[in-house]
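Trainee: Got a minute? I'd like to go through this fold with you.
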Amino acid sequence: MTGTLRSTLELEPTALATRQIGGWLAASLASLDQAVAAAVLPRAELAVHEACMNVIEHGGLPDGSSIDLALELGPTTLVVRLSDRGEPFDPSTAALLPAEPLRERGYGLTIIRSLVTEVSYRR
């Protein structure tokens, strides 16, 4: 792959709408070597899904809002930016949760951090 591919996706802030993420990412990664795409896709899909679910569940989005995703795929990098109009949140203040004791919820950022190289936030 040469150059940079850009793609966007606008999601309604519902759990059902997040089902679009996998197809969008797969289409965006189609220009990659098949083995590379197969390795990157599940990690990217889970990380983006977790980020969107955090916004949906904790973001305090105003009525009529959307979650906007912007992807940039370069020869050696994949960057996905998530934009929303929800409440401010600084992921650097969220602690990594230990595996024990087991909990049903609260692992979103821990999962995201385990799957990606960098997580950043800008208001």
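Mentor: Sure, let's go through the strands and then the helices, keeping in mind that this is a predicted model.

Trainee: What order do the strands take in the sheet?
Mentor: The order is E1-E2-E3, so to speak an open sheet of 3 strands with antiparallel pairing. Strand E1 (5–11) and E3 are the edge strands, each pairing on one side only.

Trainee: And how much are neighbouring strands turned against each other?
Mentor: By 15° on average, with direction ignored.

Trainee: Ok, zooming in on E2 and E3. How many bridges do they share?
Mentor: Strand E2, residues 67–73, and strand E3, residues 78–83, pair over 6 bridges in the antiparallel sense. A hairpin of 4 residues takes you from E2 to E3.

Trainee: Which residue is the bridge partner of Leu73?
Mentor: That's Leu78, in E3. Another facing pair is Ala70 with Arg81, the latter in E3.

Trainee: Where do the side chains go in a regular strand?
Mentor: In general, they alternate between the two faces of the sheet.

Trainee: Switching to helices. Which strands does H1 touch?
Mentor: Helix H1, residues 20–28, packs on the sheet and touches E1, E2 and E3. The direction of H1 makes about 170° with that of E1.

Trainee: And H2, what angle does that helix make with E3?
Mentor: About 15°. Helix H2 covers residues 34–58 and lies across E1, E2 and E3.

Key. Residues are numbered from 1 along each chain as its sequence is written. This is a predicted model: local features need pLDDT of at least 70, side-chain atom pairs count only at pLDDT 80 or more; totals for chains, interfaces and linings use all residues. Side-chain values use heavy atoms; hydrogens and water are left out. Two strands pair if DSSP finds at least two bridges between them. Helices (H or I, at least four residues) and strands (E, at least two) are DSSP runs, numbered from the N terminus. Axes are lines fitted to C-alpha atoms, for helices over the stretch in contact, and angles run from 0 to 180 degrees between N-to-C directions. Contact means heavy atoms within 4.5 Å.
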